[in-house]
Amino acid sequence: MITYELDAAQSVLLVRPESALDKSDFAALAKVVDPHIEANGDLNGLIISAAKFPGWDSFGALVTHFRFVRDHQKHIKKVAVVTDSHLADVAEHLAAHFVSAEIRHFPAGEQDQARQWVLDGA
């Protein structure tokens, strides 16, 4: 399950993965993000805030997640990952090869700093 908030005025999407992700999570995100991108252009940033990554509830959810990233990555300027999970450092380096957004890791609790970084230069 993902909770999310779209700050339409600043064009920033905050997502919080809270339990194993399923296909419907990405469908719900697309229903919010796609109309915003169509009407306003690219998102200034995406902030992913999670104490730990909860994984996926099925292989289908993993595939849906990758499709969502593929379809949206060119419309996001910056991605801030706010977590103390060591996977964030690995993800930051791997994702840099597959997505066009600038990616940066922030320690848990630094969501405000992450937001400032996303908006810097926006």
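In what order do the elements of the chain run from the N terminus on? I started my notebook with that one, and the answer is β-β-α-β-α-β-α-β-α. I should jot down early that this is a predicted model.

**Entry 1: the chain as a whole**

I looked up the element totals next and found four helices and five strands. Then I turned to burial: of the 122 residues in the chain, 38% are buried. For the accessible surface I noted about 7100 Å², with 56% of that belonging to carbon and sulfur atoms. I also checked how far along the sequence the contacts reach. Taking contacts between residues at least 6 apart in sequence, I read that 72% join residues at least 24 apart.

**Entry 2: H1 against H2**

Here I wanted the geometry of one helix pair. Helix H1 covers residues 23-40 and helix H2 covers residues 59-72. Their axes lie 9 Å apart, and the helices pack at an angle of about 15 degrees. Angles under 35 degrees count as roughly parallel, so I wrote H1 down as roughly parallel to H2. The crossing of H1 past H2 is left-handed.

Which residues make the contact? On the H1 side I listed Lys23, Phe26, Leu29, Ala30, Val33, Asp34 and Ile37. On the H2 side I listed Gly60, Ala61, Thr64, His65, Phe68 and His72. Sorting the residues of this contact by character gave me seven nonpolar, four polar and two charged.

**Entry 3: Ser11**

My next stop was the loop between strand E1 (2-7) and strand E2 (12-17), where Ser11 is found. Its phi caught my eye: the angle is near 60 degrees, a positive value in a residue other than glycine. Is Ser11 buried or exposed? I found a relative accessible area of 9% for Ser11. The cut-off for buried is under 20%, so Ser11 goes into my notes as buried.

**Entry 4: Glu38**

I went back to helix H1 for one more residue, Glu38. Its relative accessibility is 73%. Exposed begins over 50%, so I marked Glu38 as exposed.

I also looked up how Glu38 sits relative to His75. How many residues apart in sequence are the two? They are 37 residues apart along the chain, while their C-alpha atoms are 10.0 Å apart in space.

**Recap for my own use**

I leave this page with two residues flagged: Ser11, buried in its loop and with a positive phi, and Glu38, exposed in helix H1. Beside them I keep the H1 and H2 pair, roughly parallel and crossing left-handed.

How values were computed: Residues are numbered from 1 along each chain as its sequence is written. This is a predicted model: local features need pLDDT of at least 70, side-chain atom pairs count only at pLDDT 80 or more; totals for chains, interfaces and linings use all residues. Side-chain values use heavy atoms; hydrogens and water are left out. Axes are lines fitted to C-alpha atoms, for helices over the stretch in contact, and angles run from 0 to 180 degrees between N-to-C directions. Helices (H or I, at least four residues) and strands (E, at least two) are DSSP runs, numbered from the N terminus. Angles under 35 degrees count as roughly parallel, over 145 as roughly antiparallel, 65 to 115 as roughly perpendicular and the rest as oblique. A crossing is left-handed if the near helix is turned anticlockwise from the far one by less than a right angle, and right-handed if clockwise. Contact means heavy atoms within 4.5 Å. Ala, Val, Leu, Ile, Met, Phe, Trp, Tyr, Cys and Pro count as nonpolar, Asp, Glu, Lys and Arg as charged, and the others, Gly among them, as polar. Buried means under 20% relative accessible area, exposed over 50%, partly exposed in between (1.4 Å probe, protein chains only). Accessible areas come from the Shrake-Rupley method with a 1.4 Å probe; for residues, only the protein chains shown count as cover.
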